[in-house]
Amino acid sequence: MSPISSALTSTADDSGIDDILQWLAGAPEILDDAHVDSLFEQLTLLRQTPLPTPQRVRLLDLIFPRIESLIEHQHTSLRDLPLPISRRLRQRIRALLDLLEILAQDYLNTLALLFDPLNQPPANMAQTTLRRAILLLIWQIQLHDRISATPRAGLWQQLHSTYQSARRLAVERAPGPQNGPSIERIYLNALLLAAIQPSSYTAEELSFVDHLVRRLSPPLRLEDTPCSDAAACFWIDPERDTPATALLRRSPSPESRTWFFNSSELARLISELRQSLHQGNTPAQLDLPDFAATRAGQGVLRRLETAWGNPVKRKFPRRRQIYRVRLHAGLNTLHRLLRKGETKSGSEWMVTNESPDGYALMHVSGSTSTLRVGDIVSIRPQQAATPGESSWHLCIVRWALSDNPEHIEIGLQLLSARPMPARVIRARAKEDTQTPALLLPATPVHPEQTLVVPSGLLHEDLRHVVLMIEQGNLSIREIRTGALREQTGAVEIFTIFPETP
């Protein structure tokens, strides 16, 4: 039995409330595992101490700021994590998730006072209680997202239900403390973050997106009828345990009671921010974190414009498959691999489904510590390739999910079935350095050649770039870059053209 379960089955004496108050008065602001355990003990003691509901609410309100500090600390610490995360870290997050779940339920249980004719509830109790309950539920979703895990069953449905309670009590649009966001605004922000498929972003990127949504606060409203702009329309069925869904990807059931919202205005604001950064404004001038000026941050802004302005519909159906592949990750590793052949490094994966534009893989064996969303990888079936034929398929990692320390799944977008190793030399750069790159040949879908390079090496419309192609006989070309097709914290992909005199 876990410490939490055993604590819940213990008994509390009549001095429980004094013990809780003494702990709150004397407990240091230590944001570690011991602090989480202590909070569990106080919540358990509070549950077992007979109290009038108003006093119980006051104690919950004293405990809530401690939880809020823990969440802020965790969001800061969950950066650049290997996949899957360690068992120890997962256990720590699991304990915090349990704590949030208990406190949210305790807040919701106090709402019965609002319907008790024999008692007068405190002023603003409904708004404060529902606001904090919604925050506690959203923090659970965000923690799952930060560790690339699937939210627990029923969590989204509980969030929808709590928001519906706020609507029934007509407090969903009341301003928060110090004129802060309303319950509906907090709820919509959570829907916006879920709409971008959080498993396709790193923990640091998700923190940046969360800041953007709160900073921009676009004028959104939940409506009972579909949006006029279907491209940026999302819908929610409050009776289902799912987040918002893009209308372009799937239509709601005619029998369901559906809510709709339009995110086109948010996509426009994101576009304006990106243009402002491109024109030389600093993140501080735009009230953004420094991450906004990095290549990864700029790549996130590009993706958000599409995710909220015109979500891409899947082009091809997926086919179930079961076969093994060898996977190598990282631009430098793939460059060496294509030049010298397969090495003993890499990891083994099982393809679970595929389509002409990508794969879903499940990890079997080997290290995944260098694997990140947004990096490029190369995969090849374990069967021997035809002599002289490159069988490595170059892909970019689009999403990752890991629900336990021994399991990880990833989604890959296919970039090319025939990548070629190359080196880039900036002909007029101060330093004559050669940087590994990958050349992707033109295809019917993408008629221009493209070049995969480390982030920050090149930029759009750059002239006089020397490209050394290292497959077969060495060839040297002078090229210029065109449009930036892909941008992450690890790599950038440019269209390229022969340099003209």
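Are Cys-227 and Cys-233 buried or exposed? I would like to start there, and I should say at once that what we are looking at is a predicted model. In this model Cys-227 is buried, and Cys-233 is buried as well. These two residues are joined to each other by a disulfide, with 2.4 Å from S to S, and a search of the whole structure finds one disulfide. If you turn the model to look along that link, the angle about the S-S bond is 65 degrees, and the link of Cys-227 and Cys-233 is right-handed.

Let me add another cysteine, Cys-395, which counts as buried because its relative accessibility is 0%, and buried means under 20%.

Now to the empty space inside. Rolling a probe the size of a water molecule over the atoms shows where empty space is left. Here, a search of the whole structure finds one cavity of 30 Å³ or more, and the volume of the largest cavity is about 60 Å³.

Which residues line the largest cavity? Going along the chain, they are Ile-138, Ile-141, Gln-142, Asp-145, Trp-156, Ala-190, Leu-193, Ala-194 and Pro-198. Sorted by character, the lining holds seven nonpolar residues, one polar residue and one charged residue. Two helices, H6 (125-146) and H8 (183-195), each supply at least two residues of this lining, and the largest share, four residues, comes from H6.

Terms used
Residues numbered from 1 in each chain as written. Predicted model: local features only at pLDDT ≥ 70, side-chain atom pairs only at ≥ 80, totals over all residues. Heavy atoms only, no water. 1 Å grid on protein atoms, 1.4 Å probe; cavity = no way out; pocket = protein on both sides within 12 Å on 5 of 7 lines; lining within 4 Å. Points joined across faces, edges and corners; volume = space filled by probe spheres on them. Nonpolar A, V, L, I, M, F, W, Y, C, P; charged D, E, K, R; others polar. Disulfide = S-S within 2.5 Å. Buried < 20%, exposed > 50% of the residue type's maximum accessible area, 1.4 Å probe, protein only.
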